[in-house]
Every structure is written in structure tokens, then in C-alpha cells.
Amino acid sequence: MKTLISSTFQSITLFLLCICQQAGAQHATVASPIDVQHYKFTLTLSDATNAIKGKTTIRFKFTRPATSFMLDLTSSKGTRGMLVSAVTYQKNALKFEHHNNQLKVLLPKQAAKGSTYEVDISYEGVPMDGLIISKNSYGDRTFFGDNWPNRAHHWLPVVDHPSDKATCEFIVIAPAHYKVVANGLLKKVQKLATGQLLTHWYQSILIPTKVMVIGAAKFAVQKVGKYKGVEVSSWVFEQDKQKGFKKYAPALDILKLFSQKIGAFPYEKLASVQSKTRYGGMENASCIFYYEASARNNSSIQSLIAHEIAHQWFGNSATEKEWTHIWLSEGFATYMAHVYNEQKYGRHKLVERMKSDRAKVMNYARQTKKPIMNSLPANLNSLLDANAYQKGSWVLHMLRYVTGDKAFWQGIRTYYKTYRGKNAETAGLQQIMEQASGKKLDWFFKQWLYQPGQPTLRANWSYDASNQQLRLTIQQTQNIAYGLFEMPLDISIQSKQGSKPVVKRMYLKKQKEQVITFPLQQAPSAVTLDPNTWVLMKSIVTSK
Ligand SMILES: [Zn+2]
């Protein structure tokens with residue numbers, strides 16, 4: 001999600017993030033005594049008004065005995081928000097209260113723990129946010145869900161938190177000139193007697209509300225191909241179809257590459273959709289939305305596509321249980337996009353991207369001095385920072401270095417297999433990586449996720465000709481607030497003959513100063529720390 005494309009785009013996005021801070025601060029009903037199993041969303045869209053009519057059937061289980069339960073749904077305020085007309089259970093009306101964006105439904109008698117209920121909620125109104133009804137650059141009217149982080153409740157009654165995943169279906173009734181796309185598989189498209197078109201999509205695999213969406217516009221649709229039964233398609237505005245189809249086509253190869261590297265694609269289809277999302281891309285499950293100009297501009301969007309497709313495994317399928325673990329979503333998607341570049345163009349491309357990310361991480365660390373794992377901010381949009389994305393990606397890169405390529409990829413596959421369709425936490429990843437590598441990784445996770453910053457190493461080397469020895473003194477000179485670091489570290493020693501440098505591995509100890517010696521027959525011409533770019537650090541090397 002939310003990979004930013006250019007500085008212009010970034011400033012627009014930041015502006016949007018600013019005006020929507022309130023959205024992030026909404027309180028989720030995660031404490032509600034229910035576990036939602038399935039949402040059936042029926043929505044009527046119109047050209048005459050921005051008001052939508054909704055009927056949602058929610059099937060859920062009580063997690064404890066209760067006489068009421070809560071859902072998130074934006075209350076009606078002025079001309080916007082949702083007005084609930086009825087809540088029914090087995091066709092009997094239930095009492096409800098709808099205040100402060102929370103819908104409290106009262107039951108006639110206590111529900112037992114574990115009992116399953118199916119309740120219908122009828123409502124209508126103009127969405128305050130979440131379902132963006134606007135016009136595209138061609139002046140055509142469009143409807144796009146844009147739920148991240150918890151903006152689904154502006155148009156859908158839900159438990160708006162990533163820990164309550166559910167299956168869902170969208171039955172959308174809209175004027176017939178729209179094509180409608182949503183999560184899951186297309187069940188039905190039917191012309192109604194009213195002249196409207198009914199489109200029914202069914203998502204049979206559990207997903208969080210942040211990625212439950214519809215898109216309705218004058219789309220041109222292209223079937224790109226299939227990989228292991230998963231159909232890949234492109235949905236672009238009719239005017240952009242020539243260029244747009246070409247730009248979205250790499251999705252098929254990217255899906256194939258990640259399926260081979262990580263495990264089976266989690267969903268039933270993959271649609272790439274030109275949209276009006278506020279983000280560069282939004283990883284909606286099996287129905288990725290890209291920023292409008294992506295289908296027609298001259299910017300390469302392959303890395304963006306790779307990022308959003310990687311989210312299908314990480315974020316959508318293996319979903320962070322709490323927002324504070326967002327790096328399990330953004331850090332993974334960022335690193336997997338780099339891995340895609342590595343596979344396609346070679347390791348130099350990975351290194352180039354890691355170096356670019358390193359600069360962002362260091363710049364951010366200077367400003368904030370916050371670790372990746374931090375307390376929950378009031379504004380969830382502030383979670384979209386260099387810690388979640390670039391530093392999270394660097395953590396995976398270093399994990400690959402520390403555990404070795406084979407164990408790392410085995411661990412990634414096991415992590416996905418274990419948390420597929422479920423919720424994950426950082427400790428679960430650590431446990432799996434320890435099993436895969438046979439190494440204790442407490443120190444690694446603590447240092448890189450719970451400690452801020454990164455090391456700055458000042459190294460000085462000298463050559464002792466009489467003893468034929470290279471002596472290296474390394475000092476950790478980073479900001480004292482970051483603490484000290486330990487890490488395996490490669491040292492490259494270049495001999496005077498200009499022959500191939502010799503790479504030796506040492507262990508950087510968690511101490512201010514460390515002296516190590518290497519036997520060496522001739523004085524070197526150059527000594528480099530971390531020649532293959534595996535460690536998030538800054539280094540300055542001098543010689544006596
Ligand atoms: Zn992302």
C-alpha cells in the first residue's frame with residue numbers, strides 16, 4: 001500500500017493525510033463481544049445523488065455471553081454519514097443506538113458464548129469518507145472504496161480492525177453504464193427490470209476490512225492470463241486502455257514469481273484497477289487499486305505493482321494483529337519489491353534500492369529516534385513512516401544475511417504458511433526464523449525492532465609489517481540514544497596488487513571500541529566494511 005510515486009504526488013498525499021487525520025483517530029469496536037464470520041454487503045449506487053443505500057447481513061459468533069454488540073458505522077451528521085433505518089434478526093426488529101460512529105445493537109435475550117447470529121442492517125447516506133465518489137480526469141463519475149487504515153465504517157457497518165477478519169460479498173446495484181469490480185470471484189452480472197445492473201462478487205477467503213472494496217467506473221477490462229487457476233485482469237478507464245493494459249500487464253509475471261518464492265497466491269483472482277485512491281497503490285485483496293495517472297503516465301510502475309502484489313501475502317493474508325506491527329505488512333511489501341528487482345535485473349539492483357532506503361532510514365532516525373515497534377499513535381496515518389517501510393525492509397534484508405539465504409526463504413515460506421488467512425505478530429516471525437535457521441535471534445529482533453537508530457562505525461586500520469598483521473580498530477560512534485549494536489560484519493581487504501579483495505567475516509561486539517587483527521602477508525591498499533551491503537549502518541574507514 002501507499003507507495004508514493006513522485007514528490008508532487010507525495011505532497012498531494014501528505015495534504016490528504018493531513019485533512020483526514022480524524023479518520024485515523026476513529027475508535028474501532030474491537031472490544032465488541034463478536035467475531036465476524038461473513039459480511040454480505042448490498043449497495044445501491046446512483047448518478048442522481050452521492051447517497052448510497054445499503055443493506056448488510058453480518059454473520060458472527062459471540063466470543064462471550066452478551067446482551068448487545070457494537071459495530072463501527074459513521075453516524076449521520078449534517079448532510080453526510082449513515083442513517084440506520086432497521087436492524088433485524090430472523091425478521092424481527094432489534095433495538096439499536098447509533099452515536100459517535102458506533103452502532104450498538106441490543107438483543108431481546110442474552111446470547112450464549114459461541115452462538116452464531118445473522119443480523120441485517122439497513123442504512124443509507126452520503127459517505128463521509130471510505131467510498132470516494134468523484135469524477136476522473138475525463139469527467140466521468142467513479143466510485144472507489146479506499147478504506148485504509150480504518151475508513152471502511154464510513155460506508156459499511158463493520159468491526160473496523162485488522163484483527164477481525166471475515167469473508168465478504170458485494171452485491172452492487174448501479175446504473176448500467178458502470179462496470180463494477182470487487183474482492184473475490186464474480187458470481188453474477190444481471191440487468192434488472194429497472195434498467196440498473198446488479199453485479200455480485202464473492203470473497204470466500206478471510207480478509208481484514210481495510211482491504212474490502214468495490215470500484216465502479218466506465219472500465220475497459222483485459223484478461224492478462226492465468227497462473228495456477230488464478231486469473232489476472234486489468235481494469236482501466238476506457239480512455240486509457242491502450243497504455244493502461246500494457247502498464248498493468250506485468251502483474252501476471254510478478255504474481256508467478258512471488259508464488260514460486262513465497263507460496264501459493266492466497267486469493268481466487270487478481271485485478272489491477274486504475275482508481276482514485278489517495279495512495280500510490282492500495283493493496284485491496286485480489287483487487288489492487290492504483291493511482292489514476294499510473295495507467296497513462298510514462299513512469300515505470302513495476303516496483304509499485306510488485307509492492308502491492310506482495311501485500312496479498314503480507315498484510316492481506318498474513319495480517320498484522322495490531323497496527324503497531326505494521327512493518328509485517330509494509331516492511332515485507334517493500335523488501336519483496338526489491339527482491340523482484342533483484343530476480344529480474346540482478347543483485348546490483350537490490351543493492352541500489354537498499355542504499356536508497358538506507359538514506360531514508362537514517363534521515364528519519366535523526367528526526368524521530370523511534371524504534372520500529374512503538375506505542376500506537378493517535379493518528380494511524382503516522383504509521384506510514386520510514387520505520388514501517390524502509391527500515392522494516394532492511395530488517396528482513398539483515399535477517400537474510402544473519403540466517404543465510406536458504407534458511408531465510410524457508411522461514412518466509414513457513415511464516416506465510418503458518419499465518420495464511422490469520423493474524424500475525426512480530427514474536428511469531430522471530431520464532432519461525434529461529435526454527436528455520438537454528439539460531440537464537442532474541443538479540444536481533446530486540447536490537448533492530450525495539451531499539452531506535454543504527455550504528456555509525458569509525459574504523460581505523462594499520463599494518464604491522466614485522467608481524468604480518470592487519471590491525472583494525474572499530475568504534476561505535478552513533479547517537480548515544482540509539483544504544484550499542486552487535487552484528488556479523490564482512491570486511492573486504494584489497495591487496496596492493498589490485499587482485500580480487502579478500503572478504504573476511506568478523507563479529508561486531510556490543511561495545512564502544514573493538515580491536516581485531518587478521519594475519520596478512522602484505523600491506524593492504526584498502527579496507528572496506530560491509531562490502532556487499534548487508535548491514536544497516538554508516539561507516540567511515542581511515543588508515544594510520
Ligand atoms: Zn504497502
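Okay, let's start with a hole: the largest cavity here has a volume of about 40 Å³. Keep in mind that what we're looking at is a predicted model. How many cavities of 30 Å³ or more are there? The count comes to one.

So who sits around it? The lining of the largest cavity is made of Val361, Tyr364, Ala365, Thr368, Lys370, Asn387, Lys391, Gly453 and Gln454. Sort those by class and you get three nonpolar, four polar and two charged residues. Two helices, H7 (347-368) and H8 (387-403), each put in at least two residues of that lining. Which one gives the most? That's H7, with four residues.

Okay, next stop: a pair of helices. Find helix H4, residues 251-262, and helix H5, residues 302-313. Their axes come within 10 Å and cross at roughly 45 degrees. That angle makes H4 oblique to H5, because it falls outside the ranges for roughly parallel, antiparallel or perpendicular. And the handedness? H4 goes past H5 in a right-handed crossing.

Now zoom in on where they touch. On the H4 side you've got Ala251, Ile254, Leu255, Phe258, Ser259 and Ile262, and they meet Gln302, Ile305, Ala306, Ile309, Ala310 and Trp313 of H5. What's the mix by class in this contact? It has 10 nonpolar residues, two polar ones and no charged ones.

Put the two spots side by side on your screen: the cavity lining has two charged residues, while the contact of H4 with H5 has none. That's my tour, thanks!

Methods: Residues numbered from 1 in each chain as written. Predicted model: local features only at pLDDT ≥ 70, side-chain atom pairs only at ≥ 80, totals over all residues. Heavy atoms only, no water. Axes fitted to C-alpha atoms, helices over the stretch in contact; angles between N-to-C directions. Parallel < 35°, antiparallel > 145°, perpendicular 65-115°, else oblique. Left-handed = near helix turned anticlockwise from the far one by under 90°. Contact = heavy atoms within 4.5 Å. Nonpolar A, V, L, I, M, F, W, Y, C, P; charged D, E, K, R; others polar. 1 Å grid on protein atoms, 1.4 Å probe; cavity = no way out; pocket = protein on both sides within 12 Å on 5 of 7 lines; lining within 4 Å. Points joined across faces, edges and corners; volume = space filled by probe spheres on them.
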